[in-house]
Each structure stands twice: as C-alpha cells, then as structure tokens.
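Work through the exercises below with the model open beside you. Try each task before reading its solution.

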Amino acid sequence: MDFKLSEDQEMLRSLARDFLTKECPKAKVRELEADEKGYDPQMWERMAGLGWLGLVFPENYGGTGATFLDLVLLMEEIGRNILPGPFFSTATCALPILEYGDEELKAKFLPQIAKGAAIWTLALIETLGGYEASEIRTSARIGDGQYVIEGTKLFVPNANIASHLLIAAQTGEGDKGITMFIVDAHSLGVEVEVIPTIAEDKQCQVTFTKVKVPEGNVLGNVGGGWDIVEFILDRAAILKCAEVCGGCQAVVEMTNAYAKDRVQFDKPIGSFQAIQHRLVDMFVNVEGLQYLVYQAAWEISVGSPSKLHISLVKAKASEVYQQACLDAIRIHGATGFTKEHDVGLYFRRVKASEFAMGDTDLWRERVAVELGL
Amino acid sequence: MDFKLGEKEGVLRRAIREFAQKEIPSEHFCLLLEEESRDEDWELAMSTSKKLAQKGWLVMAWPKEYGGRAASYWEQMVYGEECGYWGIPGISMGISGVAWVGPSLMQFGNEEQRKKYLPVIASGEPDGVWCTGYSEPNAGSDFANIQTRAIRDGDEYVINGQKVWTSCAHRARWCWLAVKTDPNAPKKHHGISIFIVDMKSPGITVNPLLNYYGVHIFNEVFFDNVRVSASNLVGEENKGWYHLMQSLASERHSIGPALYGSVRRLLEELVDYAKETQHDGKPLCQNPVVRHMLADAAAEAEMLKLFNYQTTWELTQGIIPIYGSSRNKAFGDQLLERISIIGMKLMGAYSQVDPYSKWTKLHGIIQRLYLLFPGISIAAGTDEIEKNVIGQFKLGLPKSY
Ligand SMILES: Cc1cc2nc3c(=O)[nH]c(=O)nc-3n(C[C@H](O)[C@H](O)[C@H](O)COP(=O)(O)OP(=O)(O)OC[C@H]3O[C@@H](n4cnc5c(N)ncnc54)[C@H](O)[C@@H]3O)c2cc1C
Ligand SMILES: Cc1cc2nc3c(=O)[nH]c(=O)nc-3n(C[C@H](O)[C@H](O)[C@H](O)COP(=O)(O)OP(=O)(O)OC[C@H]3O[C@@H](n4cnc5c(N)ncnc54)[C@H](O)[C@@H]3O)c2cc1C
C-alpha cells in the first residue's frame, strides 16, 4: 500500500499543470466554446509532441509505454484546467484498439493517433440514450465483402472534427449481435450535426446513410462488440471520473481562496461557520473521490480491474461534482453567477460528464449487482 | 502508488476470522461503547480481551517489553477492520486503555508508570480497564474549560470536582483524569494536568447515567478530597493540554478501521436481508430505491476504507495524521448515520421493535445502532468540532468561533 506518486508521475503532473495553465487559460477555454471546431489544432500538435496522445501505447506504436494510472493523472489535470477538445474521445477509441486490434490495425492506427494526425470518437448511444446492447438500433448488413451501416448516433463527442469513428452496430440479435466498426468519418453517407449543449462541448448527432465499411474494419470479432463496449465503459468511466475529480479540485481551491479573501461584516466570509463547514464537506468528498479514482485506476493498471470499484466511482463522481459546484457558486455570491467567473465553466460541465459513459443511476445499479443485490 | 495490502496482513486477517468464528457467538454483534452496559455483554467482552491478549493481538502495536509485539501500522489497521467486521468484543478494554492511555503513557509518561500500568492493560485482565475523565458539565467541546481541581499537598495531590459522561466508570479500575492545576494561568488551556487515579480511592462516587434507551454507558463521577500520589501525575504539570492534543489524533485514528469493518458487515447483512425479505409480493432487493440506497452507502464505505488506508499510510511515513483523523471521525459518523437510517427503512415496521424481543430482525443490530449512533458521533469530538479543526488547520480558514 502506497499513496505516493512516483517521481515520473509527479513530473507528468507538474508538466501537465504548467502546460495547461500556459496554453489553455480560461480565456482560451471560452474562445474554444465559441469556436466551430472546439479545439486548437496547434495545441493538439504540441500535446502530441509531449507524448500525451500515445501515452499508454508501447514504443513501437509511437507511444511512451506509460500506465493507465498515468493517463488518469493526466486526465485529472485536464479536468482541473478544463481542456476543450478531443483528448478523451480519442483515448476512448485508442484503448480498445490497443486491446482488441490485430497487429495490422494497431500498426495502421495507433502511430497516427500518437502523432496527432488522427482524431477519434466513439459513436455508441442512440436516441434511447441508454447504455444497453438492446438500445443499439444502428444496423450493419454484410454484402460483397463490405458492411453497409444505417442509423443514427447521438451525443458523439467531437464528431465534427473526427477523422475516425468507432461505432457499435447491430449485426445480429441481443448482446451477441453487436459489432464494433472503424469508420472513416469522411465516408460517403456520414453526416454530422453539432448538438447545442450547456457545456458548449461539441457533442454531435451522427447519421449513417448506407455507409460502406470494408470487412477489415471490424474491431475484434463479429458479434463480440458488446464485450468491447464493456471494456471501454470501464476504462472511459474512470478517465471521465479523473477529469471530474480534477474539476472538483479546481472548484474547491478557488472557493477556498475566495472565502479567505472576500470580506463582509468586517470579516472574511470563510470565518463564518456556515461557509467553513460547507467548504470542509466539499474538500473531504473531493479527496475521497480522488482516492476512489486512484484505486480503480491502479487496479486497471496492474491488470486486475474491479467491477465494484469502477462502478462505485462513476456512481459517486457526478454527485460530488454537482454538489461542489453548487456550493462553490453559493459561496461566491452573485459573482459566482456571472459569465466572467470560472466557477460557472465547471458547473456547466457537470451534466456532460455525468452522461458520458453512463449516468449515476446506471452505475449505481451496477454497484448493486456487484454487492449481490 | 499501490493499493494492495501485504501477505502478512492477509495472514493476520485469516487468523482473526478463524478466531472469530470459533470464539464469538454468531448472533453476537458488538457495537463500540455498548458492551459495558449489560453484565452478560461485559463478561463476554472481558473473557474475549483475555483471549485476544493471549493471541498477542490486544495491544499488538506496543513494544514487546510492555506486552505487545510491535505490529506494523498495517497490521493494526487490518486488526481493527476485522474486529469491527466480526463484532469482536473486548478489543479496547473499556475504550480508553488500549486506544489512548497506553499510547499516551508511552509518549509522555515516565518509565515507572509504563512498567506499572502497561502490562496490566496488555494482560486483558479487569485490572487493566480504564475510564477517561475529560468532560464536565461546563466543559464539553470546550474541554479546556474544566473546573475539577488538583492541589498539591506534600507528596500528594488532592482532587475535588465533577466529571460527567464518563463511559465505563462503573467497570473501570483506573481513571485517566484531566484536572486544573493552575486556575490562574493566562490562557485556560495552560493550567491543565493529567493524573492516574485509582477508582477504588476514597472520595470517589460513581452515579450511573442511563441513555434514552436505558442503556448504561456513561456516568457522573464525583471527586471529594480524593488523594493521589504525586507520582501519578503524567507528563509535566500544566502541560496536559499539549499532551492530550497529541494523543487525541491517535484516539480518533483508532476508531476508523473498526468502524469501517462494522459498516461492511452491516452492508452485507442488509444485502442478505433485502434478498430474503418479501415486500409487496416481491423481494425487497428488487426495489430500485433499496438498490440505490445500498449502492450509495457502499460508495461511502469505500471512501472511508481509503481514508483509513491513507491515514495509516501517513503513520508509516512518520506523519501524525491530525487532519486525517478528524476527517475519518467526521466522515465515519456520517456514514454510520446513513447506514442506520437505511437499515431502519429496510426493517419496515420491525424497525420499532425492541432489539432484544423475539420480534426483532437481524438480532436487533440495526435498532441498537440507530439508538447508539448519535452518541458515537458526539463522543470524542462532535461533527462541528471536527469540521472546525479541518477548516482551520487543513483549509487554512480563520477561526470560526
Ligand atoms: C440574479 C441576481 C439578481 C440580483 N439583483 C439585484 C438587484 O436587482 N439589486 C441589487 O441591489 N442587488 C441584486 N443582486 C445582488 C444580491 O442581493 C447579492 O448578490 C446578495 O445580497 C449577496 O451578496 P454578494 O453577492 O455580495 O455575496 P456576499 O455577501 O459576498 O456573500 C458570499 C457568501 O458568503 C455568505 N455570507 C455572507 N455573510 C455571511 C454571514 N454573516 N454568515 C454566513 N454566511 C455569510 C453568503 O451567504 C454567500 O454564500 C442580485 C443577485 C443575483 C444573483
Ligand atoms: C456516548 C458518549 C460517551 C462519552 N464518553 C465520554 C468519556 O468517557 N469521557 C469523557 O470525558 N467524555 C465523554 N463523553 C462526552 C463527550 O466528549 C462530549 O459529549 C463532547 O465533547 C461534546 O460535549 P457536550 O456534550 O458538552 O456538548 P457541547 O460542547 O455543549 O456541544 C453542543 C452542541 O454545540 C456544538 N458546538 C460546541 N462548540 C462549537 C463550536 N465551537 N462550533 C460549532 N459548534 C459547536 C456541538 O458540536 C454540539 O452540536 C461522551 C459522550 C457520549 C455521547
């Protein structure tokens, strides 16, 4: 048992913090919210240069061979600073390619990702909005050595700028009837429309009209897609929670600083117990969330993921984030309610992070199952 | 970073499980603070203390010379978790002795006191049972406000005053007593000292105070010209406050693992109960509200586990977990409250049944916990006081009171 980060991890963290503070100040975040693309291609290139985009890939695919926990630490910094763009969406596709792709697929796609030359996203949920195999209605029918895909995906992050889509489509019945396909985002019949969201984070509707995909673009086995989805959900949920956790930390820190600074009734408002105890609750819950994230991530890193521990984190994270943001806004008074103040940037991301990779109730239900209920 | 416990801890866990399954009646569920009430519970506690001592577990953290076996912090933590899980009674010899009197004597007592008192606690015999006299009618959270006086008279001190809420005073052989030795000190916490007092001394009166459910946990203790030898002063005269602040962190820390163990057990019991109980024609466990309540509690239980791990880890790094101990105490109390309320909800109409009646479910542990948790959350520092500590010393906020 050890709660200390390694020297390399400390370095990764402080490097990430410095880079993001410098390259992605809140003015930049706001600019990218309004930007059509929603990311900064030059920054993306520099992130590739830092080795972030292939962080967990082996060196022969252009990566640095870091662990999943390292990636989680990076996501935590990304959440703390807020970094708009396709880092998370690309990671959620790269991980399954690394795990399920054959040598050819890996050699073809991973070095591209590591170099920053490809942007990926996962097209999973549909109009029903749920994360069940039965809710996948997009179909893939085979003929002439290729598949033809028909259907509509919703809330696909960054599809407006993606070069590749990883999509779940129906090739048969039930859990065994889902297959994962790699689709060139510029294929004929792929149409992308950005959904206006309160986070202004470029989630999209993607429609597939008779989109032709070669057989070789199946990831894993035909009919084995849902296992891949489960693999992705577990890991992406932890990455998302790490991002949430970083966001929570930023919110607690700015609120604590404000409570020391803001004077009313001739005293810093942090001296009022109503404020102080609220801050303590925020702080303790966020710290607890951080340990939950680290535990689950460490277990994934050493190859023994725990369904229970993963589910607990995702069931808890958004609750903690939402409460922290709400308390933070209240403690800031009217200032916290303004467009200029940063706390609102975080609050506007709470729901996006809850619904990414399954909402609180879905993961609570998974916890219940793991408890034996 | 590493989230795995070592092989040694695994071995200890298995040994405790074996011990518990052999020695502890299966329907027994120990709740901290309650075992001193009923005679039959106390007897089981004391006979178990002795067995724990023979196993070398009772004071495993202490050095060998005082009856311990210098167990690692991780072993202590696992021991706490398992004792909580299996409901092993007698682990604290009336709360005070194992958890803070012993550690305090090692920190600031003298060698003579250590030799005299530590082996007796370590033996698990009734003569090693202690109570703690801090609180008074006008000194609760504001502990430094105590009025009980000790006045030097030759080789002795003469003690006069009153303590209240003194847990286990009716079972204890010794009292770990805080008194004022300098009432004129410029700051009220400068004039406090700690004494060891024999509860058989003339001039001591112990009056039971029953809790709202008639359970006899605490007492009023009166001191009427009680004479103690000057050699019973622990540490420096008038430095008691500083000594106690040191030992308070270990007191608070020691509760966490056992609390987590109990919570894990309670969750398992409630899961089984929900599976076996029919409600509205289907098993309770199919009710989504029940599933979600238990899932949320499980997430918080996991947080408490990791908080315990983190403070234990700090100890292994030579850090005294001042903040962590307050955090774990406050968080653990909230969790206990949540579990009690969920448990009572699941019991439905049976939640109102006397815990010892034939109508009771799960051997009455849920009702007992529900009746007890407010007391647990007040003892050793209220939620508000812990939050003041965290706000001031961890978040660096101005003093709020
Ligand atoms: C939507 C909106 C519309 C508004 N419209 C108007 C308007 O039309 N006209 C107008 O004059 N004003 C208006 N206001 C301002 C509003 O009245 C103030 O925001 C409010 O009084 C709080 O003051 P503050 O924002 O300076 O926060 P602060 O007073 O700085 O408070 C910050 C935090 O400290 C807490 N706090 C402060 N003092 C104490 C204390 N003694 N004990 C415990 N906690 C304390 C507060 O509860 C809050 O959580 C508006 C505000 C909003 C959000
Ligand atoms: C079951 C049980 C066993 C106990 N065993 C022992 C024992 O063995 N020996 C012993 O010495 N004592 C014992 N106590 C006493 C315990 O330590 C005190 O009850 C505790 O310190 C609180 O003091 P009080 O009851 O006087 O409440 P008070 O201090 O009067 O507090 C009342 C309320 O005011 C709040 N409050 C007080 N000050 C502040 C502040 N600055 N800021 C915000 N809120 C504040 C408290 O949090 C609480 O909610 C026991 C208590 C219980 C319930």
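## Exercise 1: Burial and compactness of chain A

Of the 373 residues of chain A, 60% count as buried. The model is a predicted one.

**Task.** State how many helices and strands chain A has, and judge its compactness from the radius of gyration.

**Solution.**
- Step 1. Chain A has 12 helices and 10 strands.
- Step 2. For 373 residues the globule rule gives 21 Å, and the radius of gyration of chain A is 21 Å, so chain A is as compact as a globular protein of that length.
- Step 3. Along the principal axes, the C-alpha atoms of chain A fill a box of roughly 80 × 50 × 40 Å.
- Step 4. Turn to contacts with a separation of 6 or more in chain A: residues 24 or more positions apart account for 74% of them.

## Exercise 2: Chain B by the same route

**Task.** Check the radius of gyration of chain B against the value for a compact globule.

**Solution.**
- Step 1. Chain B has 401 residues, for which a compact globule would have a radius of gyration near 21 Å.
- Step 2. The value for chain B is 21 Å, which agrees.
- Step 3. The box filled by the C-alpha atoms of chain B is roughly 75 × 50 × 45 Å along the principal axes.
- Step 4. Chain B has 10 helices and 10 strands, and buried residues make up 58% of the chain.

## Exercise 3: Surface and charge

**Task.** For each chain, give the exposed area and the distance between the centres of positive and negative charge.

**Solution.**
- Step 1. Chain A exposes about 15,000 Å², with 51% supplied by carbon and sulfur atoms.
- Step 2. Its 36 positive and 52 negative side chains have centres 4 Å apart.
- Step 3. Chain B exposes about 16,600 Å², and carbon and sulfur atoms supply 52% of that area.
- Step 4. In chain B there are 43 positive and 48 negative charges, and their mean positions are 3 Å apart.

## Exercise 4: Domains of chain B

**Task.** List the domains of chain B, then describe how domain 2 and domain 3 are placed.

**Solution.**
- Step 1. The division is domain 1 (7-128), domain 2 (130-238) and domain 3 (242-393).
- Step 2. The centres of domain 2 and domain 3 of chain B, over C-alpha atoms, are 30 Å apart.
- Step 3. The two are in contact: 14 residues of domain 2 meet 10 residues of domain 3.

## Exercise 5: Two positive phi angles

**Task.** Locate A:Asp266 and B:Leu362. Is each one buried or exposed?

**Solution.**
- Step 1. A:Asp266 is not a glycine, yet its phi is positive, about 65 degrees.
- Step 2. A:Asp266 sits in the loop between β9 (263-264) and β10 (267-268) of chain A. Its relative accessible area is 76%, so A:Asp266 is exposed.
- Step 3. B:Leu362, also a residue other than glycine, has a positive phi near 45 degrees.
- Step 4. B:Leu362 lies in the loop between α8 (322-347) and α9 (365-378) of chain B. Buried means under 20%; B:Leu362 has 19%, so it counts as buried.

## Exercise 6: Two buried helix residues

**Task.** Which residues does A:Val367 touch, and which does A:Glu77 touch, beyond four places away in sequence?

**Solution.**
- Step 1. A:Val367 is in helix α12 (residues 360-371) of chain A and is buried at 0% relative accessibility.
- Step 2. A:Val367 touches A:Leu308, A:Ser311, A:Leu312 and A:Ala315, as well as B:Ala295 and B:Ala298.
- Step 3. A:Leu312 is 55 residues from A:Val367 in sequence, but their C-alpha atoms are 6.1 Å apart.
- Step 4. A:Glu77 belongs to helix α4 (residues 68-81) of chain A. A:Glu77 is buried at 2% relative accessible area and touches A:Arg13, A:Ala16, A:Arg17 and A:Leu20.

How values were computed: Residues numbered from 1 in each chain as written. Chains lettered and ligands numbered in written order. Predicted model: local features only at pLDDT ≥ 70, side-chain atom pairs only at ≥ 80, totals over all residues. Heavy atoms only, no water. Helix = DSSP H or I, 4+ residues; strand = E, 2+ residues; numbered from the N terminus. Rg over C-alpha atoms; globule rule 2.2 N^0.38 Å. Buried < 20%, exposed > 50% of the residue type's maximum accessible area, 1.4 Å probe, protein only. Areas by Shrake-Rupley, 256 points an atom, 1.4 Å probe, with all protein chains shown as cover. Lys, Arg positive; Asp, Glu negative; His and termini not counted. Charge placed at Lys NZ, Arg CZ, Asp CG, Glu CD. Domains from an automatic or database assignment. Contact = heavy atoms within 4.5 Å.
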